[in-house]
Amino acid sequence: MSAPDGCAKGPKRPAAFRHSCTPCCRGTAFRDAPCGRKRISTPAQEEWWDLIPRRIWRPEVPGARAMAVHGLFAVYKPGGVAWPRVRDAVETRLLAGLNSLEQRSSRQHVRFLPGFVEGEAGKELTPVATRLPVLADHPLVKGPRFTHLKVGAGHRLDVKSSGVFVLGVGQGCRLLTDMYNAHFTKDYTVRGLFGKATDDFSDTGKLIEKTTFDHITSEKLERILAVIQGSNHKALLTYANIDLKTQEAYELAVKGLLRPMEKSPPLITAIRCLEFAPPEFQLEIQCLNETQQYLRKIVHEIGLELKSTAVCTQVRRTRDGFFTLDKALLRTHWDMENIQKAIQDSRLTVQTELEKSLGHLERTAHDEHIEMDQVEEGDASR
Amino acid sequence: MWWELEPKLPSPSLPYAQRSLVVQIQPGTQDWDNVLPLSALEEISKEEAVQTVAKPLFPFESFTLRDYVDHSETLTELVHLGVDLSKVEKLRNAGQLLLRLDFENDIKKILLFLKDVGVEDNQLGPFLTKNPYIFTEDMEALETRVAYLKSKKFDKELIARMVSRAPFLLMFSVERLDNRLGFFQKELGLSVQKTRNLVSRLPRLLTGSLEPVKENLAVCRIELGFRPNEIQHIAFKIPKILTANKKKLTETFDYVHNVMGIPHHILTNFPQVFNSSLLKVKERHMFLTFLGRAQYDPKQPSYISLDKLVSVPNEVFCTEIAKASVQDFMKFLKTL
């Protein structure tokens, strides 16, 4: 089981001594920086609390961790845009929102500036102690507080498809791995068109052949869909790796949690026809471990089974696990308040659903352990 | 502040490593051979000890201007002007340049010159953030260039606006500026006054490279199929099209012409479509098609002009053009 890629913006680099003074040095350590710069000194220490290591304590400051957002939320990815661009756009908007929050006020220091003081011979020009803000803390000198946020992507969508796209921010990226391991099913609505066949199974590809489709009726389509569902259901039970005659398998099946929890090929758990108006038709597919190209291939194969051809015009994800379409944020709502609200709203659901799915895995391991002990005791008492 | 950088006596309270051997300079003595360095163990009076300032020295080498801003008058004044040092230090050699310069001798002249040209006070900060290299330019060269622009009958306010919006404009020599103005006049076939208007609205045409502009004009002529007078009209109305991304331009045109079915002459009248993102155009067109209001022919009733389609914000689009609520539009977007 591999963790989803794109959990962080790139491969992990050592935390210390990174700098980005020029674009070519971005993220490199000082010793092998193209700019040849070496960091010799640290900025001036003005206050006694600067001597305390940063992670331990800082007075009066809402820490970066407290200010930043953490958690899982879903966005609606529009079609025609690659998923990294969506993720980058969300990160940029979050950064803009975070940097617009109130920043901590700058440190103060005492400087002796020329000033007029009442002396013996009238007004004299002497150094006068004045309290000035430290310019090194000025926002124009130190730059924005946040320059990078860890935004991870969940199950990806390819360029042509659209729909619910789960993203994790900050500490929420760990939950992405849990969501991946929980192997939730996903819901898609797939629109197809009878009568054409293209090389990449979609309507924008190179046309290979055209066929008639007058003989296709909705009963024939339903029959094909039932066959697909049946064969996929058998494969589902095989890959679930559980002996079907046990009580545990029955309980899981009753709860609807009977599905492969390890690596498996793409499986369709449910498929039905929503609309049938030849040449157009719309299917609802519930599947596991799939890719959008696989769904387009399914549409193509349905066309072949019906002794005609079909291409896929739209693949749209309506549900990813427990993130449904109404929870997904549209492009106009990709700002910090809406995202924070979405994270807050789905926090409880995320926790309970993940516990339900992954918790039973740990419980079965525990139960097996108990059974082994009982068997040993039984043998010993004989 | 000069008296803080004066040589100080080493304080006995400092750790040994931080004490520097400071040479005490008597005013008037030029005899460097006879001056002896102070010993670290020498006893000093209480008043002298109280006057010493135990500050760490500022670093010899650093990758950021944060370490120097409190010690350098130049940098302090620049920050008060509004220059964003965090961006300037990322430019090549700009940090080194600013540290080397002296505010009174070098920087003040250029700032006064810029104020003379007409750049406003609140624009000086962003200008210098983008182009700190203006301090390396010769005053005479800068004045010649401004005189050249005035000779080409650019108004003072126009020059001020152009210089604020394209900070690198005055770094170009007179021949280069002449070349560029001549190029735009010839290629687009515009009159002198129209070229002046075009360049003053998008001054970065004069500072950018000419190759992308030539390629964009070729794309408009060959791929998109516009006639030369149509290209002239579009470029004059939306100068950004000359520096736009070719791929985006062709994709937008492909959708607008082939899917929305808008002919060339209507596109020439409303080239604002090329300025907006394809996604926005697609979403709005599909919503209008869904409602049955996608009518772009001016001769038909309830016609929708293309510039209103793209330039208005979402709420105005929904209420006035699509005559539906914003929630309906959002629901529709989730079905695309």
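Me: At 45% relative accessibility, how does B:R161 count: buried, partly exposed or exposed?
Reply: This is a predicted model, and in it B:R161 has a relative accessibility of 45%. Buried would need a value under 20%, and exposed would need one over 50%. Because 45% falls in between, B:R161 counts as partly exposed.

Me: Which residues form a positive surface patch together with B:R161 in chain B?
Reply: B:R161 itself is placed in helix α8, which covers residues 156-165 of chain B. A residue needs over 30% relative accessible area to be taken into a patch, and B:R161 stands at 45%. The partners that complete this positive surface patch are B:R165, B:R204 and B:K240.

Me: Which residues form a negative surface patch with B:E48?
Reply: B:E48 sits in helix α1 of chain B, a helix made of residues 46-51. With a relative accessibility of 35%, B:E48 counts as partly exposed, and the value required for a patch is over 30%. The residues joined with B:E48 in this negative surface patch are B:E42, B:E43 and B:E47.

Me: How many salt bridges does a search of the whole structure find?
Reply: A salt bridge requires a side-chain nitrogen of Lys or Arg within 4 Å of a carboxyl oxygen of Asp or Glu. One of them joins A:R107 and A:D137, whose side chains meet at 2.7 Å from N to O. Over all chains, the number of salt bridges found is 22.

Me: How many residues apart are A:R107 and A:D137 along the chain?
Reply: A:R107 belongs to the loop between α2 (83-99) and β4 (108-119) of chain A, while A:D137 belongs to the loop between β5 (122-133) and α3 (139-142). A:R107 counts as buried because its relative accessibility is 18%, and A:D137 counts as buried because its value is 12%. Their salt bridge links distant parts of the chain, and the separation in residues is 30.

Me: How far apart are the closest N and O atoms in the salt bridge of B:D84 with B:K87?
Reply: The two partners belong to opposite classes, since B:D84 is buried with a relative accessible area of 13%, whereas B:K87 is exposed with 52%. For a salt bridge the nitrogen and the oxygen must be within 4 Å. In this pair the closest N and O atoms are separated by 3.7 Å.

Me: Which residue forms a salt bridge with B:D121?
Reply: B:D121 counts as partly exposed because its relative accessibility is 46%. Its partner is partly exposed as well, with a relative accessible area of 44%. The closest N and O atoms of the bridge are 3.1 Å apart, and the partner is B:K115.

Me: How far apart in space are A:A240 and A:M261, C-alpha to C-alpha?
Reply: A:A240 lies in the loop between α5 (218-239) and α6 (247-255) of chain A, and at 9% relative accessibility it counts as buried. Beyond its neighbours within four places in sequence, A:A240 is in contact with A:L258, A:R259 and A:P260. A:A240 and A:M261 are 21 residues apart in sequence, yet from C-alpha to C-alpha the distance in space is 6.6 Å.

Me: Is the peptide bond from A:P278 to A:P279 cis or trans?
Reply: Most peptide bonds are trans. A:P279 is found in the loop between β11 (267-277) and β12 (280-288) of chain A. For the bond that runs from A:P278 to A:P279, omega is near 5 degrees, and this bond is cis.

Me: What is the approximate phi of B:K323?
Reply: Most residues other than glycine have a negative phi. In chain A, A:K307 has a positive phi near 60 degrees. B:K323, in the loop between α18 (314-322) and α19 (326-333) of chain B, is exposed with a relative accessible area of 55%. Although B:K323 is not a glycine, its phi is positive, at about 55 degrees.

Methods. Residues numbered from 1 in each chain as written. Chains lettered and ligands numbered in written order. Predicted model: local features only at pLDDT ≥ 70, side-chain atom pairs only at ≥ 80, totals over all residues. Heavy atoms only, no water. Patch = residues over 30% accessible without salt bridge, like charges linked within 9 Å, V, L, I, M, F, W, Y side chains within 5 Å. Areas by Shrake-Rupley, 256 points an atom, 1.4 Å probe, with all protein chains shown as cover. Lys, Arg positive; Asp, Glu negative; His and termini not counted. Charge placed at Lys NZ, Arg CZ, Asp CG, Glu CD. Helix = DSSP H or I, 4+ residues; strand = E, 2+ residues; numbered from the N terminus. Buried < 20%, exposed > 50% of the residue type's maximum accessible area, 1.4 Å probe, protein only. Contact = heavy atoms within 4.5 Å.
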